[in-house]
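Open the model in your viewer and keep the selection panel at hand. Each stop below says what to select and what is there.

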Amino acid sequence: MRAGVLHAPHDLRVEDRPEPVPGAADVVIEVTYNGLCGTDATEYSKGPMMVPLEKPHPGSGHVGPTTLGHEFIGTVVDAGADARDWVGKRVASGAGVSCGRCAWCRRGRTNLCASYYTLGLSTHGGLAELVAAPASTLVEIPDGCADLEAALAQPLAVGLHGVDRAEIAPGQRVVLLGAGAIGTFILAGLDGHDGPVAVVDIDPGRLASARALGATETHLIGRDSTLDDLRDLMPDPVDVVIESSGVPGAAARALGLAARGGRVLLVSLVKTPQELVLSDVVLREVDVVTTVAHVCGTDLPKALDLLTRTPLSGALGVTTVPLEDVVAAGLEPLVAGTVGGKILVDPRRG
Ligand SMILES: [Zn+2]
Ligand SMILES: [Zn+2]
């Protein structure tokens, strides 16, 4: 089978690999679409950050060249002895594998599992004609949900998890800082929220899709916009600030923008140390919460349900590319930041 395998930074090869053999609790999925995201672009251009090219991953045990792809859907074509019921079904995989036994799993926080690992980052994933996945990561795609929509389920599950963590009350004013890939899916996950949602970004194209996805106001800012600039643009008290811009100083800006008694959800992973004046945060009782990944068992079915009711691919802008072109037409444009919308790789197109 053909697969997109990361060997080293800037060295992703589409090559022949042995077909996966399912373990007892696994299935083999013939991949319909595999979405690319910023994480794939980072692994390709600056990695490995998560891909275990040199040291075995503690959760998966995998080491060495790795087939990328953690946002995939397809049809189950083979299964181990304990997963035979899945054969023939159209499925989305959450890609996050949890043990089901540790303290976090028992509390339903499977995304924090002690031995968590991700298909397509910690072991082989769905950027291939076939992928093996534990049946525990699967959700059946509802009949009324088109493939192009279902392919957005994993990133939307991440967005819905973030929205859940933000505990937004009815009518509250929400500001989303940064409408890139993850910000867009958080915005989509705010579906049904009845309060104002303002979106701030440096890119007019992203703001246009934000309006299509339900933002009630959008603000174009410059790269060097300050907290005072944001306050001028949005003078009303902000109940919930969602920080998904990832720019240096992002946390201070988000915390400063939240109203007294407000809440900040930190989404982006800013690697550079940031300076914060915490006394201001304490004196105004601003709550800070964080979010990572998603809970397969709850967020993924919610995402598929939402995508069945409210298709997103149109508002988001989806491009499909053949597997053989994944570097030139997928990863390189993502790294260069010239992509608007979502790229889905279709391995059936060769
Ligand atoms: Zn992703
Ligand atoms: Zn666990």
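Select Glu167, in the loop that runs from helix H4 (153–166) to strand E11 (174–177). The model is a predicted one, and at this position its backbone has a positive phi of about 45°, although Glu167 is not a glycine. Glu167 counts as exposed, because 12 C-beta neighbours lie inside 10 Å and the limit for an exposed residue is 12 or fewer.

Go next to Ala95, in the loop between strand E6 (90–93) and strand E7 (96–97). Ala95 also has a positive phi in a residue other than glycine, here near 70°. Is Ala95 buried or exposed? Ala95 is buried: 27 other C-beta atoms are found within 10 Å, and 20 or more are required.

For a third backbone feature, select Gly47 and Pro48. The peptide bond joining Gly47 and Pro48 is cis, with omega about 0°. Pro48 belongs to the loop between helix H1 (38–46) and strand E4 (66–67).

**The sheet of E1, E2 and E4**

Stay with E4 and add E1 and E2 to the selection. These three strands make an open sheet, ordered E2-E1-E4, with antiparallel pairing. E2 and E4 are the edge strands; each has a single partner strand, so one side of each has no neighbour in the sheet. Strand E1 (residues 2–8) and E4 run antiparallel and are joined by two bridges. To see the register, label Val5, which stands opposite Thr67 in E4.

Now pick Arg13, in strand E2 (residues 11–16). Arg13 is exposed, with 12 other C-beta atoms within 10 Å. Apart from neighbours within four places in sequence, Arg13 is in contact with Val5 and His7. Draw a distance from Arg13 to Pro65: the two are 52 residues apart along the chain, and their C-alpha atoms are separated by 9.8 Å.

**The two domains**

Colour residues 2–152 + 312–349 as domain 1 and residues 158–290 as domain 2. The C-alpha centres of the two domains lie 29 Å apart. Seven residues from domain 1 and seven residues from domain 2 take part in the contact. On the domain 1 side, the residues that touch domain 2 are four nonpolar, three polar and no charged.

Next, show the largest nonpolar core, which has 104 residues; Ala153 and Leu176 have the most contacts inside it. H4 gives the most to this core, with seven residues. Where does this core lie relative to domain 1 and domain 2? Both domains give residues to this core, so it lies between them.

**Around Leu176**

Centre the view on Leu176. Not counting residues up to four places away in sequence, Leu176 touches Gly183, Ile186, Leu187, Val197, Val199, Val200, Ile242 and Ser244. Then select helix H5 (residues 181–189), where nine of the nine residues are buried. Among the buried residues of H5 are Gly183, Ile186 and Leu187, three residues that Leu176 touches.

Move to strand E14 (residues 238–243). Six of the six residues of E14 are buried, so the strand is largely enclosed by the rest of the structure. On one pairing, E14 runs parallel to E11, and four bridges join the two. Val175 marks the register here, standing opposite Val241 in E14. E14 also pairs with strand E15 (residues 258–266), again in the parallel sense, over five bridges. For this pairing, label Val240 and Arg263 in E15, which are bridge partners.

**The whole chain**

Finally, zoom out and switch to a cartoon. The secondary structure comes to twelve helices and 18 strands. Along its principal axes, the C-alpha trace spans about 60 × 40 × 40 Å. The radius of gyration is 20 Å, which agrees with the value near 20 Å for a compact globule of 350 residues. Colour by burial, and buried residues make up 48% of the 350. Of the contacts with a separation of 6 or more, 71% are between residues 24 or more positions apart.

Terms used
Residues numbered from 1 in each chain as written. Chains lettered and ligands numbered in written order. Predicted model: local features only at pLDDT ≥ 70, side-chain atom pairs only at ≥ 80, totals over all residues. Contact = placed C-beta atoms within 7 Å. Pairing = 2+ DSSP bridges. Core = buried A, V, L, I, M, F, W, Y, C linked by C-beta atoms within 7 Å. Domains from an automatic or database assignment. Rg over C-alpha atoms; globule rule 2.2 N^0.38 Å. Nonpolar A, V, L, I, M, F, W, Y, C, P; charged D, E, K, R; others polar.
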